[in-house]
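Biologist: I should be grateful for a close look at one metal site and at the strands that might be described alongside it. Please begin with the site and then move outwards step by step.

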Amino acid sequence: MFENKNRTEAGELGEFGLIDHLTKDTILYNKSSLKGIGDDAAIINTGKGKVSVVSTDMLIEGVHFDLSYMPLRHLGYKAVVVNLSDICAMNARPEQILLSIAASNRFSLEAMEELYSGIHLACKHYKVDLVGGDTSTSHKGLMLSLTAIGSADENKISYRNTAGQTDLLCVTGDLGGAYVGYQLLEREKRIFLEKPDFQPDLEGNDYILQRQLKPEARIDVIDMLNTLGIKPSSMIDISDGLASEVHHLCKQSNIGMVVYEDKLPIDSQTFEKAREFNLDPMICALNGGEDYELLFTIAQTDYDKIKGNPDITVIGHCTEPAAGINVVTKAGNTFPLKAQGWQAFS
Ligand code: ADP
Ligand code: MG
């Protein structure tokens, strides 16, 4: 079909390199397209100072989820959450979703109903409306594609490329739990495959399992920031891991950053379980994906408004770009922060 002798593997570029390569010549023909590719969601002018916020995500069986431990109801819920999180990352409130699904004949009507029970539950929980989608068969496996739509005042939108060099770096909730939950589920699956009569030992790990199987989108934080009178100077959601998202903010805002390891919020269950797996809890917090927390920067003058807030932790600060992107360890040593991320594409 493509008779090109110099065949290049698309995977060689990595996910972000591939997106950049394929979209670098994109032209926006409509004035209403205020922000196209490059942020958590696109921003579309709807007039009178209002904007629509639109984002889409795909979830593919065997790549993004494993049905041997992911109940279909949870999958439906998580698929919605992942998309709502991208709308929140623009400092907007999600209002509608569209859901397209392709399933092989391995999936019965009952199985699909189970999936939709999770989707409806998320819609009810977040007061979001399912307004459309598409249905198809697939030769193999299950694929979901979701689009979320939100709305906001244009002047409230937080982009990735507007952080200031003296701003503070903040994160919501805690980090690394989803990754450690994933490690636990993978371990139990491996044991189960070797000994099918084995009963999984998941007791006492509710928090990290919930972080992996039933994450939440931080709409509560968007409302709280609004109440506190804070507009983040930049924001992104944590899907690929903190370090990777820090790099996105720095690259797009042309700044440097310092992250303090001892400031990273880590739940005690995440910490203990990581240790049990011989994993460094700090590395889990920096590079584990799928936390769906919000990472944002604020002006120093806003610090008093978030001081002592149990949902928000200041984990570092922005710097001039020449200072680079660094992490200060507990021992006080400074290292360049590597963005390993969650390379779903590789
Ligand atoms: P997120 O992790 O927040 O979902 P991604 O890393 O998937 O964001 O995407 C980064 C940006 O690139 C987004 O603006 C997204 O809409 C855009 N993008 C991703 N894939 C494509 C594609 N195949 N064509 C056009 N734009 C894309
Ligand atoms: Mg995102």
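At what relative accessibility does Asp-237 stand, and does Asp-237 count as buried or exposed?

Modeller: Asp-237 counts as buried, at 1% relative accessibility; buried means under 20% relative accessible area, exposed over 50%, and partly exposed in between (1.4 Å probe, protein chains only). The model is predicted: local features need pLDDT of at least 70, side-chain atom pairs count only at pLDDT 80 or more, and totals for chains, interfaces and linings use all residues. Residues are numbered from 1 along each chain as its sequence is written, chains are lettered from A and ligands numbered from 1 in written order, and side-chain values use heavy atoms, without hydrogens or water.

The metal site comes first. Asp-237 coordinates the magnesium ion (ligand 2) together with Asp-40 and Asp-86, each through OD, at 2.0 to 2.1 Å. Donors are N, O and S atoms within 2.8 Å of the metal (3.2 Å for Na, K and Ca), and sites may look incomplete because water is not among the atoms. Along the chain, the donors of this magnesium ion follow the spacing D-x45-D-x150-D. Asp-86 belongs to helix α2, whereas Asp-237 belongs to strand β8 (residues 234-237), so the pair ties together parts that are 151 residues apart in sequence. Helices (H or I, at least four residues) and strands (E, at least two) are DSSP runs, numbered from the N terminus. Like Asp-237 at 1%, Asp-86 is buried, with a relative accessible area of 9%.

Helix α6 can be read next, since its residues, 219-228, come before those of β8 in the numbering. The buried residues of α6 are Ile-219, Val-221, Ile-222, Met-224 and Leu-225. Just after α6, Gly-229 takes a positive phi of about 75°.

From here the description turns to strand β9 (residues 256-260). Four of the five residues of β9 are buried, so this strand is largely enclosed by the rest of the structure. β9 pairs with two strands, β11 and β12; two strands pair if DSSP finds at least two bridges between them. With β11 (residues 312-319), β9 pairs in the antiparallel sense over four bridges. In that pairing, His-317 of β11 stands opposite Val-258. With β12 (residues 325-328), β9 also has four bridges, but here the pairing is parallel. Val-327 in β12 is the bridge partner of Val-259.

β12 itself is covered on both faces. Ile-325 and Val-327 lie on one side and Asn-326 and Val-328 on the other, and all of these residues are buried. Val-327 thus appears twice in this account: as one of the buried residues of β12 and as the bridge partner of Val-259.

Val-328, on the other side of β12, leads to strand β13. β12 and β13 (residues 334-336) run antiparallel and are joined by three bridges. In β13, Thr-334 is the bridge partner of Val-328. The hairpin of β12 and β13 has five residues between the strands, and within this hairpin Gly-332 takes a positive phi near 95°.

In brief, the magnesium ion is held by Asp-40, Asp-86 and Asp-237, while β12 pairs in the parallel sense with β9 and runs antiparallel to β13.
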